Each structure stands twice: as C-alpha cells, then as structure tokens.
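Q: I'm new to this model and would like a close look at its salt bridges. Could you walk me through them?

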Amino acid sequence: MRKIILTATVALLAGPAAAQVVDLNTAGSAADPEAKRISVELAPGLQSTRQLPWRLQQARRRLLDGGSVSLTDLRRIADYGDGFAAYRFAERLMKTGNPDLADDAAHYYGMAAATGRAGAIFGMVQAIDAIEDFDAVPPRRMDVIRDILLAYARAGNSRAIDAVLQYHLAGKPFGSFGDDVERLVLNGSGDGAAGVSLQLATALLQKPDPTRAELERARDYLELAQASDSMRMTLIAGNLMPGVETALAALPVPIPETDDAPTTEDTE
C-alpha cells in the first residue's frame, strides 16, 4: 500500500505543477522587515570617500546628500566597492524595465548585499527573476550571485531562505542547492518550503528499506508540508503520511538502553 501511494505522489511531483514557482517579485522589504535585520558582510566595501579619484569624490558626496549623479559615475563609484552606490545603480537599472539589464542589476544588488546591505536581497531576487536568458549570463557572475544569496540564507535571512528553496524546487537558475536545503527548509515558509519538504520526504521513502530514523525524518518533512497553505501540498503530504505511520509500526520496537546489563559478579 505504501508503495502505491508513494508512486502516485512521485508522479504528481514530477508534473508541471511541481516546477511552479511563487512570484517572488510581489514581496518588497515591507513584506518581511525582519529579513532586513539579518545582514551578512562578505566584502569590506568602500571605507572612505577619499579612496576615490577626485571627480568621483564629488559625485559620491552629491549621492550621499541626495543630489543627482550620472549613471556612469554611479557605476564607477559602485565598482570601487561602495555598497550604497551599487544599490542605487541597480535600482536605476531595474527602473528601465529592460530584461537585458537584469543580470547587471542582480550583480550590483549582490555587491550591495555583500557589503552588508540586507535590503538589497529583495532587489537581487527581483532582478534574478527578471532575467530572461540565463545562458547568456557569465557563469562566474551567476556563481557569485548564488553564493551571496546562500550566505544570507544560511545566516537566517527569511527572504533569502525562501528564494533558495523556490529556486531549488524549480531547478533553475542555479540547479540544486544540495545539502543546504535540508537545513534551510526548517526555517522556510510558503510553497517553496512545502515543496522541498515533499522532495526530501519522498527521497527518503523511495529507499528500498528506510530505517526508523529515515522514516521519522520523512514524517517530520510531511508535517511541514501539511502546514502549507497549498491544498495540493497538503493533499500529497496527507496521502503519504498513513504509509509512513504503517511502515514505522511494522518495524521492531527499539529496546531502550539501560544500565541493568549483568556484570561479571552477577554471572559467577
């Protein structure tokens, strides 16, 4: 019975709905203010305006004062490691609405995030989702963006966690996130966390003879999936749960360890 339910569930997961990704563009920083408080500094960034050439010093002072700065100067300041300039440059790229500039925007949002500006994670995810041709983006650039996103997710930034889980579930643009998803799914939310929970549970249940520990882990993942707002996720997890409980009940009851083992004196 368990095998029949599992086979049906795997077929459902393999269908087109399994690759559906929640629209991450609808969530701005106001949607999750707590995420902005979890920051990661991966690069020191620009320490002083005096590190810049004279012309860019003037431009940066205008930028910090809220004045007008040309797009060229803004990019040059950002390339010196100024996270604030990188953030503003990425914003201006995104406002053009040109998908060909989306990977540049993701790159500069990533630069801002790498210098500790947690709010840039929201823009970076929006920019990633706006990229139309990932094959045209230099692989090294995508690797850096992936590493920044994952660093924030590991630190507990909920926006980054949800994005990693969604991208892992969709299988693009970064492919599998490997063992990291198992640690992140417990802190995730929404359909991304539920979908990955189902993936992890079914992977354990597809083993020929899952151990008690593996079945218990699968049950935990199914419980997470059942907490989803998605009726589909809840239905799949609910169909799998009885089979897991039956398999657990069929295993020998573990004998608890005690300190009552006979000693040498008892056997003489």
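How many residues apart are Glu 91 and Arg 88 in helix H4 (residues 83-95), and by about how many helical turns are they separated?

A: Happy to help! This is a predicted model, in which local features need pLDDT of at least 70 and side-chain atom pairs count only at pLDDT 80 or more, while totals for chains, interfaces and linings use all residues. Residues are numbered from 1 along each chain as its sequence is written, and side-chain values use heavy atoms, leaving out hydrogens and water.

Now to your pair. Glu 91 and Arg 88 are three residues apart in helix H4, so about one helical turn separates them. Helices here are DSSP runs (H or I) of at least four residues, with strands (E) needing at least two, and both are numbered from the N terminus. The side chains of Glu 91 and Arg 88 meet in a salt bridge, with N to O at 2.6 Å. That term asks for a side-chain nitrogen of Lys or Arg within 4 Å of a carboxyl oxygen of Asp or Glu. Why can such pairs form? Side chains of opposite charge can pair when their charged atoms come close. Arg 88 is partly exposed, at 32% relative accessible area; buried means under 20%, exposed over 50%, and partly exposed in between, using a 1.4 Å probe and protein chains only.

By the salt-bridge rule, the count comes to seven. Another of these joins Asp 104 and Arg 141, at 2.5 Å from N to O. Asp 104 belongs to helix H5 (residues 102-114) and Arg 141 to helix H7 (residues 139-155), so this pair ties together parts that are 37 residues apart in sequence. Asp 104 counts as buried, with 16% relative accessibility, and Arg 141 is also buried, at 18%.

Next come Lys 207 and Glu 214, whose side chains form a salt bridge at 2.7 Å, N to O. Here Lys 207 is partly exposed, at 35% relative accessibility, whereas Glu 214 is buried, at 14%. Beyond single pairs, there is also a network: salt bridges with shared partners link Asp 103, Asp 104 and Arg 141.

To put your pair back in the picture, Glu 91 and Arg 88 sit within one helix, H4, while Asp 104 and Arg 141 reach from H5 to H7.
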